[in-house]
Amino acid sequence: MRFIATTVISLRALRRNKMRSFLTALGIIIGVGAVITMVSIGNGAKAQVEAQVASLGNNVISVFPGSATTSGARGGMGSSNTLTVDDALAIQREILGAVAVSPELRHGDQVLGNGLNWRTQIHGVAPDFLSIRAWSIRAGDIFSEADVRSNAKVCVIGDTIARQLYPDIDPLGQTLRIRNIPFRIVGVLSSKGYNYFGADQDDVVLVPYSSFMTRVFRWRRTVNNILIEASSAEAMPRIQEDITALLAQRRSGREPDFTVRNQLELAAAASETSRTMTQLLAGIAFVSLVVGGIGIMNIMLVSVTERTREIGIRLAIGAHDRDVRLQFLIEAMILSAMGGIIGVILGVTVSEMLSHFNGWPVLVSTESVVVAVAFSAAVGVGFGFYPAHKAAKLDPIDALRFE
Amino acid sequence: MQPIVQLKDIRKTYRNGDLEVHAVRGISLEINPGEFIAIMGASGSGKSTLMNTLGCLDRPTGGTYLLDGIDVSTLDRNRRADIRNQKLGFVFQGFNLVARTSALENVELPMLYAPRRVSSSEMRDRAMRALDIVGLAARHDHLPNQLSGGQQQRVAIARALVNEPRILLADEPTGNLDTKTSIEVMGVFQKLNEQGITIVMVTHELDIARFCKRNLIVRDGLVVRDESVKDRSHAPDELLKHAEAEAAAKLTHVLFPHANAED
């Protein structure tokens, strides 16, 4: 009813004390700003971790060699040497939902090209390897299934190789010598950058696994691991079980000498870490928001005492309890709402500046903005109520005599 | 003519632990429209309690109080606030303007708390008219600290008048003012009274009480004397006398510059 008039009164009171109003709102400004900045930094870190995990490919299942037991001594993870290309082909043939399969054989060696040389990792893979790893080609194309069948001497080079060996010419169609065997470069990979552990993923040469085994490293019979892309995330547990069953069957009763892992496990661990960090940061920031709220309460309480006479005048000339209560509540709410809005602007600006000048990954989330503003409004009502109630209960005669 | 105020055997007892203090012990009083009353008494005589009761700021512990025919002694806190807003105007000793708020906004204040909503243009018009009555329309945008004491008290009078009250209550309105300004403020009251406004004021200065039409003397919670003023002071005459006295003092000072040298 007298809401509009009371709002006018509150606005006039706030305008009268611009400095005090600003200082009161400062607690909320910093609180809301801190919440948004902290959550943005946390979210940015989480998104970066997730992007790195995703750069390994989506829905990827890996089969690694397991432990081999020699004369009773168990060799530990990867010591068995029994995972073969045939295993990969069997998975491709028999597992429903394995949309792409590639064996992976790795060996480090010196490569020559364009009169320069460089030591790198040579990977023997199937053409599916790129789609599994969600890796794109910058120029040219990946070798074909036919190249695999014919043990063709073709290769695809990573971005680092292109920069190191062919700094000023187009590497496509050039010859790269691996252990003195000439391979024609048919494609250049786009850059994938450093992985989660800091290794340069672009320092690589991909050749057909058949050529790897028959032409370059002839002694190799086994593969380092097999990569499988599942049709969907939901199908992964089932496919994982099927692969385990298939490989166990192929080993017909021997001790299982392989391990099947999926990428979700790694992704979950990584994002759990960053989620904990985000929660920690948000927790600290929320404490400062609560402190800001208590600051509002303190200033409002001081303000009630300081303005006792004014409240007395208002009561004497006809203000009801609820008019005075509403006035102080509206004052507190306006302060915290303004503080909330300025805090959002501050938080978003600081987040953007951090990402711009420090290169930190920062992601401003709508939820954090909404929660921070809603919380600051709640703080305004919550911590504003007690001083407002105190003011409304004053006796006009005592209030007028107050010095 | 029906009296505006009818007090019947008003009593007020304050309880302080086991100790009972009888501030007012049975005052009966009628105030008719157009009266101009000074309530006088020493401190502790009960005159402030009587004034607070008249102003509906305080409820008596006994007796009845009819204001404009309404029994206000039984009303609750908020109903009394409405009565104060609509039927009473207050002028205080300490002016009690809201600080850092312009004269105009101070005068608008009672209308913001009116039971019926007043539009902002009407509020401004009425506030300007009230300021005009006390001769301060030109200073409507001044803040209290930019006004002299007398001007502040006139703003307070304008604020008391703005809701057209039935009765104007003034609690030692000249207590914080010098002689000349006191006479000026009393002049404002006399002019308002001539226009038909009923005024009740508390004072302990006999000179000031002589500007009123009727004097009540309160002692130990009872009215001990109630009489009309015979040789009333009139503000214009008193101002003239005051100016002459001041001029004489100056003249003395010019003729005998060392007369007060020992001060």
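How many residues of chain B are in contact with residues of chain A? The points below take up that contact and then each chain in turn; the model under discussion is a predicted one.

1. Contact between the chains. On the side of chain B, 21 residues are in contact with chain A, where 19 residues take part. Two elements of chain B give two or more residues to this side: helix 2, which spans 77-87, and helix 3, which spans 103-112. Helix 2 of chain B gives the most, with six residues. By class, the side of chain B that touches chain A holds nine nonpolar, five polar and seven charged residues.

2. Overall make-up of chain A. Chain A has 13 helices and 12 strands. Its length is 403 residues, and 42% of these count as buried. When contacts in chain A between residues at least 6 apart in sequence are considered, 81% of them join residues at least 24 apart.

3. A helix pair in chain A. Helix 11 (residues 321-358) and helix 12 (residues 366-392) of chain A have axes that come within 8 Å of each other and cross at roughly 155°. Because an angle over 145 degrees counts as roughly antiparallel, helix 11 of chain A is roughly antiparallel to helix 12 of chain A. The crossing of helix 11 with helix 12 of chain A is right-handed. Their contact comprises 20 nonpolar residues, together with eight polar and three charged ones.

4. The six-stranded sheet of chain B. Chain B contains an open sheet of six strands in the order 6-7-8-3-9-10, and the pairing is mixed. Strand 6 (88-91) and strand 10 (222-228) of chain B form the edges, each pairing on one side only. On average, and with direction ignored, neighbouring strands of the sheet are turned by 20° against each other.

5. One edge of that sheet. Strand 6 of chain B pairs with strand 7 (residues 167-171) of chain B in the parallel sense, over four bridges. Within this part of chain B, Leu88(B) stands opposite Ile167(B), a residue of strand 7.

6. A helix lying across strands. In chain B, helix 1 (residues 47-54) lies across four strands: strand 3 (36-40), strand 7, strand 8 (198-202) and strand 9 (214-219). Relative to strand 8 of chain B, helix 1 of chain B runs at about 150°. The four strands that helix 1 of chain B lies across also appear in the strand order of the open sheet.

Terms used:
Residues are numbered from 1 along each chain as its sequence is written. Chains are lettered from A and ligands numbered from 1 in the order in which they are written. This is a predicted model: local features need pLDDT of at least 70, side-chain atom pairs count only at pLDDT 80 or more; totals for chains, interfaces and linings use all residues. Axes are lines fitted to C-alpha atoms, for helices over the stretch in contact, and angles run from 0 to 180 degrees between N-to-C directions. Angles under 35 degrees count as roughly parallel, over 145 as roughly antiparallel, 65 to 115 as roughly perpendicular and the rest as oblique. A crossing is left-handed if the near helix is turned anticlockwise from the far one by less than a right angle, and right-handed if clockwise. Ala, Val, Leu, Ile, Met, Phe, Trp, Tyr, Cys and Pro count as nonpolar, Asp, Glu, Lys and Arg as charged, and the others, Gly among them, as polar. Two residues are in contact if their C-beta atoms, placed from the backbone, lie within 7 Å. A residue is buried if 20 or more other C-beta atoms lie within 10 Å of its own, exposed if 12 or fewer, and partly exposed in between; C-beta atoms are placed from the backbone. Two strands pair if DSSP finds at least two bridges between them.
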